[in-house]
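Welcome! Take a moment to look over the sequence and the model, then try the exercises with us.

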Amino acid sequence: MSRTYSKRWPLVVVLLALAISGAYAQEQEEEYKPFIGQPGKDVVWVPTEENLVEKMLDLAEVTPGDYVIDLGSGDGRTVIAAAKRGAVAHGIEFNPDMVALSKRNAVEAGVTDKATFVTADIFESDISTATVITMFLLPDINLKLRPMLLDLKPGTRIVSNSFTMQDWKADETVNVGADCQTWCTAYLWIVPAKVDGTWTIPQGGELMLMQEFQKISGELNSGNTRQSVTGKLRGNEITFTAGNYTYKGTVNGTRMTGTVSTEKSNGSWTASRK
Ligand SMILES: C[S@@+](CC[C@H](N)C(=O)[O-])C[C@H]1O[C@@H](n2cnc3c(N)ncnc32)[C@H](O)[C@@H]1O
């Protein structure tokens, strides 16, 4: 009996050592506690306050049909909150410890079926399938991301905690005020369709549009009449006035269709890209 024991001793010692080191490693991982202001690749970590997270998701009108991507997802709070609303949500975060923490937080919140996280650089990530982008970065990082964001599908909603996109003015702004200590403003942009250029109106005439983000201006030429055009885009929805006429329509790639009205009459219009 005692000889069997002594033969097994080395095995017992190895197993014990493995168990202790495994438990120690797990404890180390679970004990990882981020601190506010800790360095990040391009931006330090500061968490968005929970009520602003909810306000940002409200502003973007997140539904279970959405695919939400948080750029620089920190401890995962925005992704987890979006997943709790039934959306599929994904966090891109450069710091692997934060990604591991986010995954644990998602398990705790019971949303691992909807919430995923990846350790990656936002500038090297494919975000083209997002329907909602959330972010809390910095003004210069927002500007650097701007071309990528403007190339997203028209209608994609982008919400930013506190930082703007300079001359691409926000479509909506909300401040959570008294219930929030710091960084309490959310901005919303809706990616506009691209309409800059000349369009032919089959009923006769040409529509020349100049586009600055969601703002449009230009000219509507029909026969000898020239009318200046001003209007705006909200995703694929276009509205503009030319003289007494108000045009409302939907942009679908190289075609626009909609209704045109004055105080006295209503009709339909179409335009095709020249
Ligand atoms: C201000 S925190 C915001 C965290 C989270 N989105 C929130 O609102 O609570 C910015 C996060 O971006 C991460 N980050 C910075 N540069 C990054 C990059 N190039 N790619 C991915 N993540 C980055 C930081 O590690 C940090 O967690």
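Two exercises follow, each with a worked solution. Please keep in mind that this model is predicted.

**Exercise 1.** Find which cysteines form a disulfide, and work out its handedness.

*Solution*

Step 1. Start with a reminder: a disulfide is a covalent bond between the sulfur atoms of two cysteines.

Step 2. Searching the whole structure turns up one disulfide.

Step 3. The partners are Cys180 and Cys184, with 2.2 Å between their sulfur atoms. The cut-off for a disulfide is within 2.5 Å, so this pair qualifies.

Step 4. Now look at the twist. About the S-S bond of Cys180 and Cys184 the torsion is about -90°, and therefore the disulfide is left-handed.

Step 5. Finally, check the surroundings: Cys180 and Cys184 are both buried.

**Exercise 2.** Describe where the ligand sits and what surrounds the ligand.

*Solution*

Step 1. Locate the ligand: you will find it in the largest pocket.

Step 2. List the neighbours. The ligand is surrounded by 20 residues, and the closest are Asp42, Thr48, Asp70, Gly72 and Glu93.

Step 3. Sort the shell by character: nine of its residues are nonpolar, five are polar and six are charged.

Step 4. Look at polar atoms next. In Asp70, an N or O atom of the side chain is 3.0 Å from a nitrogen atom of the ligand. Asp121 also places a polar side-chain atom 3.0 Å from a ligand nitrogen. With Gly72 the backbone takes part, as one of its polar atoms is 2.7 Å from a nitrogen atom of the ligand.

Step 5. Close with the surface: the ligand taken alone exposes 600 Å², and 98% of that is buried by the protein.

Methods. Residues numbered from 1 in each chain as written. Predicted model: local features only at pLDDT ≥ 70, side-chain atom pairs only at ≥ 80, totals over all residues. Heavy atoms only, no water. Buried < 20%, exposed > 50% of the residue type's maximum accessible area, 1.4 Å probe, protein only. Near = heavy atom within 4 Å. Polar contact = N/O pair within 3.5 Å; in protein donor to acceptor, adjacent residues only side chain to side chain. Areas by Shrake-Rupley, 256 points an atom, 1.4 Å probe, with all protein chains shown as cover. 1 Å grid on protein atoms, 1.4 Å probe; cavity = no way out; pocket = protein on both sides within 12 Å on 5 of 7 lines; lining within 4 Å. Sits in = over half its atoms within 2 Å of the grid points. Nonpolar A, V, L, I, M, F, W, Y, C, P; charged D, E, K, R; others polar.
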